[in-house]
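Here are a few exercises to work through with the model open beside you. Try each task first, then follow the solution step by step.

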Amino acid sequence: MSTLSNILYGINELVILYFIIVNGIYFMLLVVSFFHIRRYRNIDRIFKLKGVYSTNLYKPISIIAPAFNEEESIISSINSLLNLKYTNYEVVVVNDGSTDQTLQKLIDYYQLKSQQRHWPKFTDHQPIKDIYTSDRYPKLVVIDKKNGGKADALNAGINIAKKELFCAVDADSILEPDALTKMLRVFMEDDTTIAVGGVVRVANGCTFKNRLVDKAGIPDSFLGRIQSVEYLRAFLFGRIGLDYLDSLLIISGAFGLFDRKAVIKAGGYLRDTVGEDMELVMRLHEHYRRQKIPYRIRFISEPVCWTEVPEDRASLARQRNRWHRGLTDSLYRYKRMLLNPRYGRIGLFAMPFFVFVEMISPVIEFAGYFLVGISWWMGVINGYFALLFLAVALVWGMVLSVSAVFLEELTSRRYERPRDTLILAGYALLENLGYRQLHAWWRLQGIIDFFKGKKEWGTMVRKGIGSS
């Protein structure tokens, strides 16, 4: 056997070993998630029986919703936030220099009035032009500021917010009425908790009543249904498993609850990144671990936020490119934590998992396709073995995706029609035949664009949700 053949043979063995390790970790997360979900369902029943959810013992919350050119959905989204089943909270909408009618729609609909007042500046952000309040909606505060991006808008909201905790949500998202109540349970269980994330679900295909989700449905489009499967997999066994292992590095920017003082002490949101949500969580880990201060960063599966997802390929490609750039950027910024015992599970498990399983997986995947093809052509590996390996990889991916769909049945059963669950199970099978490879290509481009220094978010095509 030639030197080149030996090299190819060795690389193929590494690719197979990588496949076994990665999918072994995913299987472990799936099993852990199953038992973790069952445990928390029992705890949830106990809380309900004791009537704890009906008390007023919760900490006050400021909901911060950055908005940029959201005229299609801004009113429905804010109305849903103003009708949550919670007593002590405020809604802080940050108009981040919108160029459409977002601000004017807010002024007209809520009868806003300008309030010239002084505000502290704990975190950096672009200048605030004005602050508006409403006599009819005393819980609502609207900030109009110069455009600076999502992280910049969140920093402005943190400065204006008056409550002990803040919930960061996207302005185009809709929280379920009891979402905040369920998230607060984590803070009641452990007073060292500084952040908690909830589930984000696909709103496309749902029907709405009084600006709230009336009936959960699935999108009509192929890409919408594929994303429904992706979201279920990412949240229902990815993050639940990582929460159980105390290794959570991401709280979705669309739905997260934070201790305001903790975030201020850490410096607020970083404005020079497209992955501000993950970067903040990693900085909190780094800060508290370095200072040796007890803390918890959690994820729970009961509270749900519904969000519109892009259904055109160009918007989806830009979104996934940005997500992977943000992931790569955050991991690179905190590379000192990688395999560092000083950071405990975060350094020894979470960081290696996100670097070697999540970040570089598209590189390994495409390299594997290429090398297996070359190896088969050169006769280094048997053609039947190559096809068998490919089949096993595809089938295992299908098993994981289908399992995520049925975990939804175990947790919340939001889909009333069994037909919807079966359709998503079918798309969980289809996802691995073409879309998975396309998605890996978008992520690979994200890594390349990160090293090119690309910072743009890219435009998103939205139709607006919750308006019917």
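## Exercise 1: two helices in contact

Task: find which residues of H11 meet which residues of H13.

Solution. Start with the contact itself: Ser361, Pro362, Val363, Glu365, Phe366 and Tyr369 in H11 meet Arg436, Gln437, Ala440, Trp441, Arg443, Leu444 and Ile447 in H13. Contact here means heavy atoms within 4.5 Å.

Next, sort these residues by class: 8 are nonpolar, 2 polar and 3 charged. Ala, Val, Leu, Ile, Met, Phe, Trp, Tyr, Cys and Pro count as nonpolar, Asp, Glu, Lys and Arg as charged, and the others, Gly among them, as polar.

Then look at the geometry. H11 (residues 361-377) and H13 (residues 418-452) pack at an angle of about 120 degrees, and their axes are 8 Å apart. Axes are lines fitted to C-alpha atoms, for helices over the stretch in contact, and angles run from 0 to 180 degrees between N-to-C directions. The two helices are therefore oblique to each other (under 35 degrees is roughly parallel, over 145 roughly antiparallel, 65 to 115 roughly perpendicular, and the rest oblique). Their crossing is left-handed, that is, the near helix is turned anticlockwise from the far one by less than a right angle, whereas clockwise would be right-handed.

A word on the source: this is a predicted model, in which local features need pLDDT of at least 70 and side-chain atom pairs count only at pLDDT 80 or more, while totals for chains, interfaces and linings use all residues. Residues are numbered from 1 along each chain as its sequence is written, and side-chain values use heavy atoms, with hydrogens and water left out.

## Exercise 2: a second helix pair

Task: describe how H2 and H3 cross.

Solution. First, the axes of H2 (residues 74-82) and H3 (residues 102-110) come within 10 Å and cross at roughly 50 degrees. H2 and H3 are therefore oblique to each other, and their crossing is right-handed. From H2, the contact takes in Ile74, Ile75, Ile78, Asn79 and Leu82; from H3, Thr102, Lys105, Leu106, Tyr109 and Tyr110. Sorted by class, the contact has 7 nonpolar, 2 polar and 1 charged.

## Exercise 3: the sheet and a hairpin

Task: work out the strand order of the open sheet of 10 strands, and which strands stand at its edges.

Solution. The order reads E3-E4-E5-E2-E1-E6-E11-E8-E12-E7, with mixed pairing; two strands pair if DSSP finds at least two bridges between them. Strands (E, at least two residues) and helices (H or I, at least four) are DSSP runs, numbered from the N terminus. E3 and E7 (173-175) are at the edges with a single partner strand each, so one side of each has no neighbour in the sheet.

Now take E4 and E5 (residues 140-145): they run antiparallel, joined by 5 bridges, and Asp130 stands opposite Asp144 in E5.

Finish with E9 (residues 207-209) and E10 (residues 212-215), antiparallel strands joined by 3 bridges. Thr207 has Lys215 in E10 as its bridge partner. Between the strands of this hairpin are 2 residues, and Asn210 takes a positive phi near 55 degrees.

## Exercise 4: buried or exposed?

Task: decide whether Glu408 counts as buried or exposed, and do likewise for Gln116.

Solution. Glu408 is in H12 (residues 383-411) and counts as buried, at 1% relative accessibility. Buried means under 20% relative accessible area, exposed over 50%, and partly exposed in between (1.4 Å probe, protein chains only). Leaving aside neighbours within four places in sequence, Glu408 contacts Arg201, Leu232, Leu236, Arg413, Arg414 and Tyr415.

Gln116 sits in the loop between E3 (113-114) and E4 (128-133) and, at 68% relative accessibility, counts as exposed.
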